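Subject: Structure handover

Hello,

Here is the structure for you to take over. My notes on what was found follow below it.

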Amino acid sequence: MFLLLTMTYMASYMTRVNFGAVISEIVVQTGMAKSMLFSVVTGSAVTYGLGQLISGYVGDRMPPKKLVLSGLLVASAMNVLMIFATGRTQMTVIWCVNGLAQAFMWPPMAKLMADMFSDNDYKKASTMVNWGASFGTIAIYLLAPAMILLSGWRSLFAVTAAAGVVMAFFWQRRCPETDGKLQADAAVDRTTDGRAGQTTKMKPVETRHTGLWTVAPLVALIMLGIVLQGALRDGVTTWMPSYISETYHLGSEISILTGVALPVFSIVSMHLARKLYEKMPDNPIRCAAYIFGVGALSALILTFVSGSSAAGSVLCSALLTGSMYGANLMLVTMVPPFFRKYGTISTVSGLLNSCTYVGSALSTYGFALLSDRAGWGRTVQVWFVIAFLGTVVCICCSRIWRRKM
């Protein structure tokens with residue numbers, strides 16, 4: 001089940017991040033400015049974020065298996081349509097629908113994992129599934145240069161559509177059926193005591209949502225931290241190939257290939273983040289603060305090496321985005337299970353994950369516009385400011401978490 005979830009999430013990421021991977025080539029082939037293409041990626045981020053709210057709510061009330069399957073099939077269809085898109089407007093419409101379809105992946109998966117696994121296995125599974133996102137990104141950044149050289153950037157969408165359809169087939173065949181509804185009488189909070197095969201039953205789940213309002217200020221602060229994390233994670237990932245290409249005058253194929261470093265570091269970061277979380281399992285926000293701090297330090301170093309060292313710029317950018325993946329694991333993945341007592345795991349998961357793409361939408365357009373008008377040097381300085389603010393927010397939030405949760 002771990003493998004099925006990971007591979008499915010990997011396929012969904014391949015059908016989502018592929019456009020960002022070939023933006024620099026689209027700019028070269030079409031002559032459009034980066035800021036002109038913002039509507040495609042930003043529109044997708046907006047619909048994905050809004051879709052998270054819908055998906056999170058529905059995921060607590062409908063079978064997660066069906067939601068994931070429908071999302072993957074629609075995303076694959078949109079990738080096929082992108083092959084034939086001829087203008088920015090068509091691309092934007094198609095990719096907005098794709099963003100909405102992609103929203104029906106993570107919240108139902110989080111609900112499925114919380115229902116099926118013990119707390120310890122949930123941590124392992126969620127980390128592994130997030131690796132799937134990184135594996136999918138690696139696959140895209142390896143495939144994109146090859147596809148561009150062999151048959152053009154459009155062929156990449158044919159490959160990713162095929163990957164999505166194949167995984168939809170396996171998901172339908174292998175994923176177990178669950179009703180996905182709130183069950184006040186049957187649901188229990190499960191934790192493992194560390195010994196194989198032994199599970200301890202805790203108090204029954206409370207499905208009353210009223211108590212959720214008592215921690216609303218805390219949730220709002222977490223949401224702000226996630227917005228800042230999303231701005232860096234997706235903004236830097238999307239525009240780093242263009243940053244490397246324009247700063248060091250490299251070809252688009254080589255610049256895209258440097259993007260492989262980002263998900264590689266994200267895998268390492270998520271593994272280290274989970275290990276850190278094992279040391280302080282009651283406060284994932286505190287873990288996020290430490291990880292955000294590493295990202296801020298990486299961004300600070302990047303401000304000094306930018307323009308003078310291509311390798312140093314790639315390394316610092318990879319450390320920055322890797323840190324944001326680790327922070328995302330804490331804030332978006334490890335926080336929702338604490339809301340099991342309110343019966344809102346999927347709802348909270350969707351709400352928090354939607355904030356990632358608020359940041360993503362803002363940064364996708366903002367970084368493109370800023371780099372066009374002020375240059376990449378100024379843009380890199382903004383990356384540091386965002387990382388520093390995220391660190392401060394998480395430190396403040398961690399203190400409130402200790403009192404409230």
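Which residues does Pro284 touch, not counting residues up to four places away in sequence? The model is a predicted one, and in it Pro284 touches Tyr277, Met330, Met334, Val335, Phe338 and Trp401 on that count. Pro284 has its place in helix H12. The relative accessible area of Pro284 is 0%, and buried means under 20%, so Pro284 is buried. Leu329 is 45 residues from Pro284 in sequence, yet the two C-alpha atoms are 9.1 Å apart in space.

The protein overall

The protein contains 15 helices and two strands. Of its 405 residues, 57% are buried. Taking contacts between residues at least 6 apart in sequence, 82% join residues at least 24 apart. The pair Pro284 and Trp401, mentioned above, is one of the contacts of Pro284.

Helices H11 and H12

Pro284 also takes part in a helix contact. Helix H11 covers residues 261-279 and helix H12 covers residues 284-305; their axes come within 9 Å and cross at roughly 135°. That angle makes H11 oblique to H12. The crossing in which H11 passes H12 is right-handed. On the H11 side the contact residues are Ala273, Leu276 and Tyr277, and these meet Pro284, Cys287, Tyr290 and Ile291 on the H12 side. Sorted by class, this contact has seven nonpolar residues, no polar ones and no charged ones.

Cysteines

Cys287, from the H12 side of that contact, is buried, with a relative accessibility of 0%. Cys175 is buried as well, at a relative accessible area of 3%. A disulfide is a covalent bond between the sulfur atoms of two cysteines. The structure has zero disulfides.

Helices H4 and H5

How do helix H4 and helix H5 pack, and at what angle? H4 (residues 64-84) and H5 (residues 88-102) pack at about 165°, and their axes are 8 Å apart. Angles over 145 degrees count as roughly antiparallel, and H4 and H5 are therefore roughly antiparallel to each other. H4 passes H5 in a left-handed crossing. From H4, the residues in the contact are Gly71, Val74, Ala75, Met78, Asn79, Leu81, Met82 and Phe84. From H5, they are Gln90, Met91, Ile94, Trp95, Val97, Asn98, Ala101 and Gln102. By class these residues divide into 11 nonpolar, five polar and no charged.

Helices H1 and H2

At the start of the numbering, helix H1 (residues 2-21) and helix H2 (residues 23-30) have axes that come within 5 Å and cross at roughly 45°. H1 and H2 are therefore oblique to each other. Phe19, Gly20 and Ala21 of H1 make the contact with Ile23, Ser24 and Ile26 of H2. Its residues, by class, are four nonpolar, two polar and no charged.

Helix H6

Helix H6, residues 106-116, is mostly covered, with nine of its 11 residues buried. The buried residues in H6 are Trp106, Pro107, Pro108, Met109, Ala110, Lys111, Leu112, Met113 and Ala114. Lys111 is thus listed among the buried residues of H6.

Two residues in helix H9

Gln229 is found in helix H9, which spans residues 216-248. Is Gln229 buried or exposed? Gln229 has a relative accessible area of 0%, and because buried means under 20%, Gln229 is buried. Leaving aside neighbours within four places in sequence, Gln229 is in contact with Phe292, Met324, Ala327, Asn328 and Thr356.

Thr237 lies in H9 too. Its relative accessible area is 11%, under the 20% limit, so Thr237 is buried. Not counting residues up to four places away in sequence, Thr237 touches Tyr141, Leu232, Leu262 and Thr321.

Regards

Conventions:
Residues numbered from 1 in each chain as written. Predicted model: local features only at pLDDT ≥ 70, side-chain atom pairs only at ≥ 80, totals over all residues. Heavy atoms only, no water. Axes fitted to C-alpha atoms, helices over the stretch in contact; angles between N-to-C directions. Helix = DSSP H or I, 4+ residues; strand = E, 2+ residues; numbered from the N terminus. Parallel < 35°, antiparallel > 145°, perpendicular 65-115°, else oblique. Left-handed = near helix turned anticlockwise from the far one by under 90°. Contact = heavy atoms within 4.5 Å. Nonpolar A, V, L, I, M, F, W, Y, C, P; charged D, E, K, R; others polar. Disulfide = S-S within 2.5 Å. Buried < 20%, exposed > 50% of the residue type's maximum accessible area, 1.4 Å probe, protein only.
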